[in-house]
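Reader: I'd like to go through one pocket and the helices around it, with the reasoning behind each label. Can you start once the model is up?

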Amino acid sequence: MLCASIKSSSMLLVYLLILSSILYSISSPAYDALLADITVPKNRQASYSLSYMGWNLGYAIGPILGGLLFKNALPFLFFGDGVTTLISMILVATFIGETKGKKDQEINSEKRPLEISQEGSVFHILFQRPILIFFALILFCYDFVYAQWGFALPLQLADLFGKNGAALYGTLASFNGILVIILTPLLTKVTKKIPAITVMSIGGFCYVLSFGSLAFVHILFLFYLDLFIMTIGEILISINSSVFIADHTPLSHRGRISAIIPIVTGAGYVVSPLVIGNFISYASIKDAWFLAGAIVFIAACLMSLLKRIDN
């Protein structure tokens, strides 16, 4: 809301936007812990898929409204963002309320032994449950490769289609958002009886097929087909990763685990453009897709192996 009163040319606006991103990141672990608290293993996948759909619906509508307001009424863009955030906070406080420390009695120790509260630091819990560490490292590889959707792909489109590359990338991004909204409920229904880690392994192999085959794609239609396969993998991984973490985390440590694992996995986004960018400068975009396909193939195989360890 403060941004609404500041001129767009002021650096103070930039600093406030950076601060807002930091504050949003601070709140994310609490959001993840809250969602885990109000769900049970039976309905957790469906609940996370509904939440994921809601996020993507916002992402689909938000840029359209934001684009109109940015051009005609920039202060209202920031003011509206602040108001909607305030409304969402009031809705959560009113209809959900505090869950911390109130759910222990509802957990059946025989059916959900991994969710029982425990004493000790978050690192103690992680070393007790190394499967969470291995899981985070595999997701690091997934995110490392997925980051090329926003880095290497635009470069490839610009190389193939010149000035039209940026516009074509925009249509692909919109296509991705539409697919997420359409496919999420369908994929949730199809995979609801399959263990989360198995579904994520399938999602990883979707990444192998989509990112690895981009080395050979030169026709626009094939980019859309490739994106279709990638989006299936994205949905399967995004929904079930949160489910797996919730199912394997003690109630007492949900917030802390939800903070540490995204730091590990999100590091894939951070280092990927740097590593692949340097790789492309010495090799080519085609070789980069081969490398991405190989990395995610190994990660998907490790995810399949992790299923056996989990059992």
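Author: Sure. Helices here are DSSP runs (H or I, at least four residues), numbered from the N terminus. The model is predicted, so local features need pLDDT of at least 70 and side-chain atom pairs pLDDT 80 or more, while totals for chains, interfaces and linings use all residues. Residues are numbered from 1 along each chain as its sequence is written.

Reader: What makes a residue part of the lining of the second largest pocket, and which helix gives the most?

Author: A lining residue has an atom within 4 Å of a pocket point. By that rule 25 residues line the second largest pocket, with Pro41, Ala196, Val243, Asp247 and His248 nearest its centre. α2 gives the most, 5 residues, and α8, α9 and α11 each supply at least two.

Reader: How do you know that α8 has the span expected of a helix?

Author: The expected span is 1.5 Å times one less than the number of residues. For the 18 residues of α8 that comes to 26 Å, and the end C-alpha atoms are 26 Å apart, so the two agree. α11, with 26 residues, reaches 37 Å, close to the expected 38 Å.

Reader: Why is α8 called mostly covered?

Author: Buried means under 20% relative accessible area (1.4 Å probe, protein chains only). In α8, 13 of 18 residues are buried, so "mostly covered" fits.

Reader: What covers the buried residues of α11?

Author: Those buried residues include Trp289, Met303 and Lys307. Their cover includes α5, α6, α8 and α10.

Methods:
Heavy atoms only, no water. 1 Å grid on protein atoms, 1.4 Å probe; cavity = no way out; pocket = protein on both sides within 12 Å on 5 of 7 lines; lining within 4 Å. Buried < 20%, exposed > 50% of the residue type's maximum accessible area, 1.4 Å probe, protein only. Contact = heavy atoms within 4.5 Å.
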